Amino acid sequence: MVRKGLMHLEKKENQYGLANKTKIMAQKKLILSAALTGAATNRSHCPYIPFTPKELGEEAKRAVDSGASIVHIHAREDDGTPSWRTEVFEQIHEEVRKRCPNVIINYSTGAIGMSAKERVKHLPATKPDMAAFNMGSMNYAIFSKKAKQFFWNGVFENSFDTMIEVVKTMNDNGVTPEMECFDTGHIRNAEPLREMGLLPENACYSLVMGVLGGIPATTPNLIHQIQQVPEGAFWQVIAISRKQWQLSAVACTMGGNFRVGLEDNFYLPNNEMAKSNGECVEWGVKLANMMGRQVATIEEAREMLKTPLKETDHV
């Protein structure tokens, strides 16, 4: 069954003219990211989600020990509510660096109902290696088919004015933009920013799939998204919920990278709930190896992403 599926994917690659390109790209080492906590979930959904700076530091260590090179982090108050207090980010930074001196730290800048200035005020204080850079406005919602109602919905505002302010703050503080693209138009939104000289050469593309309001998480949609990414640019897939593992396998065959972690998906491929981000990363490494990909070390990832460790982060 697996062999039949791979033959079908190879046929699709040839159909889209991607076969030679992906065979070359698949020889590259794969960079694994771990999204440790997110902002929308809590321990009623999964009891293992970290909240406090210490817990985030411990989860970062578990992820790194299992093979992650990048940790993506949202700040939380101790009770689990989302936090944008700079001092909380500073505490997280200290706890992560204490346990993971060279991991690539990636902080969130995404929020609804906050100004661009409020969303990036932690960057000058912490100067992380990377930060999420949201590439367009969209409806953002959680809908229950069973209850036939929205549990939550809002407009995620990312106008060009907002994006310009955010990316300028990143550039001023030596932060690599991780461009989170929730739909095809978001990928194209990078073009004017590049023409304006606002995007560094090592800006990364994250193809986010499965969020209501964005592109659905399907294999044909992922192939379409990959085709929009400029030649030679780094990209990873971020697939939400249980489609994560299927689309991560596709990313492996297409020469890309992928993200795992409790922000995106609580469940492992065996349908058991993950008890840590380390378990998510362990399965990510297994999947990459099964698909013929080697996972990059942190040092290799930094070289591939042209993101050297900052002097202020040396411990």
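Select Phe182 first: in this predicted model, Phe182 is buried, at 5% relative accessibility. Its backbone belongs to the loop between strand 7 (176-181) and helix 8 (184-188).

**The aromatic rings around Tyr140**

Keep Phe182 displayed and add Phe156. Phe156 is likewise classed as buried, with a relative accessible area of 5%. Now add Tyr140, which counts as partly exposed at 27% relative accessibility.

How many aromatic pairs does the structure hold? There are seven aromatic pairs. One of them joins Tyr140 and Phe156 in an edge-to-face arrangement, with 5.9 Å from centre to centre and 85 degrees between the planes. Tyr140 lies in strand 5 (residues 138-144) and Phe156 in strand 6 (residues 149-156), so this pair ties together parts that are 16 residues apart in sequence.

Turn next to the rings of Tyr140 and Phe182. They also form an edge-to-face aromatic pair, at 6.0 Å centre to centre and with 65 degrees between the planes. This pair links distant parts of the chain, since Tyr140 in strand 5 and Phe182 in its loop are 42 residues apart.

To complete the view, select Trp152 as well. Ring pairs link Tyr140, Trp152, Phe156 and Phe182 into a cluster.

**Charges over rings**

Move to Tyr267 and display Arg242 with it. The charged end of Arg242 sits over the ring of Tyr267, at 3.9 Å from the ring centre. Then select Trp283 together with Lys286. Here the charged end of Lys286 sits over the ring of Trp283, 4.3 Å from its centre.

**The nonpolar cores**

Select Phe133, Met179 and Phe258. These are the residues with the most contacts inside the largest nonpolar core, which has 77 residues. Which helix gives the most to this core? It is helix 11 (residues 244-253), with six residues.

Centre the view on Phe133. Beyond its neighbours within four places in sequence, Phe133 is in contact with several residues, including Thr109, Met163, Val166, Val167, Met170 and Pro177. Also among its contacts are Glu178, Met179, Glu180, Leu193 and Leu199.

Another core lies apart from the 77-residue one. To find it, select Ile70, Ile104, Ala296 and Ala301, which are among its nine residues.

**A stop in helix 11**

Return to helix 11 and pick Thr253, which lies in this helix. Is Thr253 buried or exposed? Thr253 counts as buried, at 17% relative accessibility. The side chain of Thr253 reaches the backbone oxygen of Val250 at 2.8 Å.

**The salt bridges**

Side chains of opposite charge can pair when their charged atoms come close. A search of the whole structure finds 14 salt bridges, and three of them are visited here.

Begin with Arg259 and Asp264. Their side chains meet in a salt bridge, 2.8 Å from N to O. Both partners are classed as buried: Arg259 at 4% relative accessibility, and Asp264 with a relative accessible area of 5%. Add Glu180 and Glu263 to the selection to show a network of salt bridges that links Glu180, Arg259, Glu263 and Asp264. Glu180 has already appeared on this tour as a contact of Phe133.

Next, display Glu77 and Arg85, whose side chains meet in a salt bridge of 2.8 Å, N to O. Glu77 counts as partly exposed at 22% relative accessibility, and Arg85 also counts as partly exposed, at 37%.

Then select Lys98 and Glu95. Lys98 forms a salt bridge with Glu95, and the closest N and O atoms are 3.4 Å apart. Lys98 and Glu95 are three residues apart in helix 4 (residues 86-99), so about one helical turn separates them. Lys98 is exposed, with a relative accessible area of 53%, whereas Glu95 is buried, with a relative accessible area of 15%.

**A last stop at Ala40**

Finally, select Ala40. Where is Ala40 placed? Its place is in the loop between strand 1 (32-35) and helix 3 (53-66). Ala40 counts as exposed, at 62% relative accessibility. Add Ala75 and compare the two positions: they are 35 residues apart in sequence and 12 Å apart in space, C-alpha to C-alpha.

Conventions:
Residues numbered from 1 in each chain as written. Predicted model: local features only at pLDDT ≥ 70, side-chain atom pairs only at ≥ 80, totals over all residues. Heavy atoms only, no water. Phe/Tyr/Trp six-rings, centres within 6.5 Å; stacked < 30°, edge-to-face > 60°. Helix = DSSP H or I, 4+ residues; strand = E, 2+ residues; numbered from the N terminus. Buried < 20%, exposed > 50% of the residue type's maximum accessible area, 1.4 Å probe, protein only. Lys NZ or Arg CZ within 6 Å of the ring centre and 35° of its normal. Core = buried A, V, L, I, M, F, W, Y, C linked by side-chain atoms within 4.5 Å. Contact = heavy atoms within 4.5 Å. Salt bridge = Lys/Arg side-chain N within 4 Å of Asp/Glu carboxyl O. Polar contact = N/O pair within 3.5 Å; in protein donor to acceptor, adjacent residues only side chain to side chain.
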